[in-house]
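Biologist: Please take a single part of this model and examine it closely, explaining where it lies in its own chain and how it relates to the partner chain.

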Amino acid sequence: MNIKMRNGKSWGMARFLEYYRDLTLVLLQKEFTVRYKNTALGYVWSVLNPLLYAIIYLFVFKVIFKIQIQNYLLFLVSGVFFWQAFSNSVCASSSAFIGNSSLIKKVQFSRECLVLSGVLNDLTHFILSIPIIVIIMVFYGMAPTLDWLWAVPFLLTVQLLLTFGIALMVATGNLFLRDLERLITFLVMLWFYLTPIIYKEDMVPAALQWTKFVNPVAGIAINWRHLFMGEPLAPLLLGSAGVWSAAIFALGYWIYKKSNWKFAEYV
Amino acid sequence: MSDTIAIRFNQVTKYYRRNTSLSFGLKHLMLNLPKHMEHMAQTKRFCALKDVSFEVRRGESIGLIGRNGSGKSTTLGLIANVLRPNEGSVKTFGRISSLLELGAGFHPELSGAENIFLNGILLGMTRRQVKERFREIVEFSELENFLEQPIRTYSSGMIARLGFSVAVHLDPEILLLDEVLTVGDMAFAEKCFKRIKSFREKGVTIMFVSHSPEMVTSFCDRAIWLNGGTVARIGDAKTVCDEYQKTMVG
């Protein structure tokens with residue numbers, strides 16, 4: 001099978017896949033190397049950062065507000081690490097295309113890799129922090145279960161699709177409306193409070209229970225937490241998360257593909 | 001017939017939207033909504049290329065001259081397929097490589113070696129291909145002793161060397177050069193020039209954009225003179241450049 005590339009260059013499928021992999025990996029490697037370059041703590045930051053947030057929430061909601069949730073630090077850690085990966089990717093994506101204007105203006109390449117590499121970078125950091133979460137679990141007297149074998153890959157895939165879809169929309173949208181860059185940090189914060197991460201989904205009033213099915217990220221957040229707290233997974237929410245992620249990925253990719261050819265004019 | 005043609009522009013017209021209302025930002029849009037609606041309705045457009053037709057034969061070196069804003073970059077963008085024409089058609093036959101601006105496709109924090117891979121892959125090589133050519137690239141750049149340094153420590157001349165060294169180790173059928181030979185020191189510029197000449201001997205089609213008619217005359221077979229988005233002259237490089245220079249002086 002041949003893929004007719006831009007510039008009328010005809011590449012075999014194998015060459016195309018090899019190239020696509022290399023492009024994604026080299027960009028990922030760049031992101032990975034650059035992130036903590038010249039910091040004394042380096043990779044430790046990707047654990048420390050969400051941990052510090054968790055401690056702030058612990059102080060505000062446990063010490064001050066006296067929230068009634070057992071093992072609240074573990075509870076927070078189970079959600080905050082995931083959220084950091086998600087929100088970092090979404091916020092950083094606003095500059096994925098704009099920050100590479102000189103490339104976009106001159107060469108035609110699979111530009112979605114610019115976004116994908118950022119998303120994969122955060123996902124990798126999240127995966128690398130799972131052992132830390134496990135250590136905290138063990139500290140609370142819990143251990144990973146057999147469910148992890150399928151649930152971890154499933155949740156990671158769903159998370160990747162959702163994050164990539166949203167990041168593509170933000171990266172593309174920001175080319176045409178630069179305000180998005182400012183707006184998105186606010187929207188992500190709002191989204192954080194609308195998602196059961198610092199509170200339990202049961203605490204949401206009965207009349208608003210449906211929101212967890214409408215919030216594309218709620219199913220992922222809730223199930224990560226259940227997994228990390230040794231609680232049974234919520235299958236209905238796993239389903240809704242899967243459907244949402246697939247739909248948002250498809251929409252994001254479609255928007256990107258539709259407007260891709262205009263990038264050089266707007267960047 | 002397409003066997004002998006590398007690039008074909010057929011009555012190509014390209015507009016840019018002038019000051020797209022969205023690029024003003026939301027605030028401006030909200031405050032001036034009625035005006036914007038009206039504005040968008042009549043869509044003020046700026047015509048960058050108007051009814052441009054030409055053909056470039058395979059293996060030909062063709063110069064593109066003209067003043068700022070005459071449509072040279074738009075032409076290159078259309079050939080590189082990063083822009084689409086509003087009317088007419090652009091056809092290219094063969095693998096295209098563009099030389100990038102200074103430092104584009106590099107990351108300042110990565111080492112010279114890492115940047116060779118990054119840049120090479122961004123320009124269309126697989127990792128394997130970069131690896132195969134790595135030693136040649138390094139030798140060409142004469143930067144052996146700086147490969148492990150992050151390129152933020154490089155001078156702009158060194159970055160230009162590295163960028164050029166990667167680019168000339170691509171394997172293009174059509175090469176787009178945009179005013180690039182002016183960077184780096186004389187000796188290196190000479191080396192690059194030689195390398196490009198060897199591309200030419202290998203039958204690579206070269207489109208060379210320049211402000212300098214001298215460069216175009218010495219290097220190209222034919223030239224296209226763009227003026228205000230239309231082809232003012234096309235033909236033998238020397239003839240076209242001479243005429244272009246006359247209007248510049250007069």
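Modeller: Of the 250 residues in chain B, 42% are buried (20 or more other C-beta atoms within 10 Å of the residue's own, C-beta atoms being placed from the backbone). The model is predicted, and local features are given only at pLDDT of at least 70 and side-chain atom pairs only at 80 or more, whereas totals for chains, interfaces and linings use all residues. Residues are numbered from 1 along each chain as its sequence is written, with chains lettered from A and ligands numbered from 1 in the order in which they are written.

Chain B has 9 helices and 9 strands, taken as DSSP runs numbered from the N terminus (H or I over at least four residues for a helix, E over at least two for a strand). Among contacts in chain B with a separation of 6 or more, 74% join residues 24 or more positions apart; a contact requires C-beta atoms, placed from the backbone, within 7 Å.

The part I have chosen is helix 4 of chain B, residues 112-122. This helix is mostly covered, with 10 of its 11 residues buried. At its start, B:Gly112 is buried, and B:Glu114, B:Asn115 and B:Ile116 are buried as well. The list of buried residues in helix 4 of chain B continues with B:Phe117, B:Leu118, B:Asn119 and B:Gly120, and ends with B:Ile121 and B:Leu122. After helix 4 of chain B comes B:Gly124, which has a positive phi, near 120°.

The cover over these buried residues draws on both chains. From chain B itself it includes helix 5 (127-141) and helix 6 (156-167). From chain A it includes helix 1 (13-35) and helix 4 (101-106).

This brings us to the interface, where 31 residues of chain B are in contact with 28 residues of chain A. On the chain B side, at least two residues each are supplied by strand 5 (96-98) and by helix 4. Helix 4 of chain B gives the most to that side, namely 4 residues. By class, the side of chain B that touches chain A has 16 nonpolar, 10 polar and 5 charged residues. Here Ala, Val, Leu, Ile, Met, Phe, Trp, Tyr, Cys and Pro count as nonpolar, Asp, Glu, Lys and Arg as charged, and the others, including Gly, as polar.

In summary, helix 4 of chain B is mostly covered, has elements of both chains among its cover, and is the element that gives the most to the chain B side of the interface.

Terms used:
Two residues are in contact if their C-beta atoms, placed from the backbone, lie within 7 Å. A residue is buried if 20 or more other C-beta atoms lie within 10 Å of its own, exposed if 12 or fewer, and partly exposed in between; C-beta atoms are placed from the backbone.
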